[in-house]
Amino acid sequence: PTAPLPPEPSPRPSPKPMPAPTVGALSSESSPRPTVAPTVAPVTGDMTFSGLSLAVAQANEAVLVDTIAASAGVEDTSRVSIVIAAAARRRLSDGVVVTYTIATDTTADSDAVLGALLALTTENAKAALTTAAAAHGVTATFATVEITQIHASLFDYRVPAPTAQRPAASRRRRR
């Protein structure tokens with residue numbers, strides 16, 4: 001035996017209105033409202049190292065992560081992620097730029113990390129590098145490495161609104 005087929009739709013409305021489907025009684029206690037998880041902007045930036053080849057930097061990524069974490073006052077190095085790239089320099093053949101992102105839980109943490117990095121001098125960053133290199137047993141590898149530039153900012157998730165721009169006028173004369 002097969003189940004009966006549902007009636008075919010009719011072109012006319014039914015004589016009796018059908019009740020609207022319901023899932024159950026809703027109340028403020030029984031149905032939680034969706035909430036948006038707060039997002040805290042990560043701190044981003046970069047450090048430029050001279051006297052360090054790309055291969056050596058990549059082989060000693062943990063030293064660079066520890067250097068950035070210590071310089072920023074971050075104890076949990078898993079919050080620091082880096083990307084290492086060769087520096088674009090004409091006179092120095094050895095140099096890398098380490099771009100970092102530091103995740104934080106609160107706006108206060110972001111502000112503290114950013115403040116520490118903005119106040120950081122190249123000398124203090126070099127001291128953190130020396131300490132990190134010693135902790136990883138590669139003091140000699142980083143003995144002549146210098147930190148030449150430090151940049152830090154908060155990553156901005158906001159996207160600028162598009163602006164209406166008129167097309168640039170052509171400077172070509174028409175004949």
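**A four-stranded antiparallel sheet and its helices**

The largest nonpolar core of this predicted model comprises 33 residues, and those with the most contacts inside it are Phe49, Leu64, Ile82, Ile102, Leu117 and Phe142. A nonpolar core is here a set of buried Ala, Val, Leu, Ile, Met, Phe, Trp, Tyr and Cys residues joined through side-chain atoms within 4.5 Å; buried means under 20% relative accessible area, exposed over 50%, and partly exposed in between, with a 1.4 Å probe and protein chains only. Two or more residues are given to this core by each of S1, H2, strand S2 (80-86), strand S3 (95-102), helix H3 (107-119), H4 and S4. H2 supplies the largest share, 6 residues. Helices (H or I, at least four residues) and strands (E, at least two) are DSSP runs numbered from the N terminus. In soluble globular proteins, nonpolar side chains tend to be buried together.

Residues are numbered from 1 along each chain as its sequence is written, and side-chain values use heavy atoms, with hydrogens and water left out. Because the model is predicted, local features need pLDDT of at least 70 and side-chain atom pairs count only at pLDDT 80 or more, whereas totals for chains, interfaces and linings use all residues.

The sheet is the natural place to continue. It is open and consists of 4 strands in the order S2-S3-S1-S4, with antiparallel pairing; two strands pair if DSSP finds at least two bridges between them. S2 and S4 are the edge strands, each pairing on one side only. From one strand to the next the twist averages 15°, where axes are lines fitted to C-alpha atoms, for helices over the stretch in contact, and angles run from 0 to 180 degrees between N-to-C directions. Strands of a sheet pair through backbone hydrogen bonds, either parallel or antiparallel.

Following the strand order, S2 and S3 run antiparallel and are joined by 7 bridges; Ile82 has Tyr100 in S3 as its bridge partner. S3 is in turn joined to S1 by 8 bridges, again in antiparallel fashion, and here Asp46 has Thr99 as its partner in S3. A further 8 bridges join S1 to S4, which also run antiparallel, with Val43 standing opposite Leu154 in S4.

Strand S1 (43-50) has 8 of its 8 residues buried, so it is largely enclosed by the rest of the structure. Both of its faces are covered: Val43, Gly45, Met47 and Phe49 are buried on one side, and Thr44, Asp46, Thr48 and Ser50 on the other. Leaving aside neighbours within four places in sequence, Phe49 is in contact (heavy atoms within 4.5 Å) with Leu64, Gly95, Val96, Val98, Leu129, Val145, Glu146 and Ile147.

Thr99, in strand S3, is partly exposed, with a relative accessible area of 39%. Beyond its neighbours within four places in sequence, Thr99 touches Gly45, Asp46, Ser81, Ile82 and Val83. Thr99 and His151 are 52 residues apart in sequence, and their C-alpha atoms are 9.2 Å apart in space.

The helices can now be placed against the sheet. H2 lies across S1, S2 and S3 and runs at about 125° to S2. H4 lies across S1 and S4, running at about 105° to S4.

Helix H4 (residues 122-135) has 14 residues and reaches 20 Å from its first C-alpha to its last, close to the 20 Å expected at 1.5 Å a residue; the expected span is 1.5 Å times one less than the number of residues. Its buried residues are Ala125, Lys126, Ala128, Leu129, Ala132 and Ala133. They cover an arc of only 160° around the axis, which puts them on the same side of H4; the arc is that of the directions from the helix axis to the C-beta atoms. The buried residues of H4 pack against strand S1, helix H2 (61-72) and strand S4 (146-154), while Glu123, Thr131 and Ala135 are exposed on the other side. After H4 comes Gly137, whose phi is positive, near 70°.

H3 has 13 residues and reaches 18 Å between its first and last C-alpha, close to the 18 Å expected. Within H3, Ser110, Val113, Leu114 and Leu117 are buried. Seen down the axis of H3, these buried residues fall within an arc of 95°, so they line one face of the helix. Their cover includes S1, H2, S3 and S4, and the face of H3 turned away from its buried side carries the exposed residues Ala108 and Ala119.
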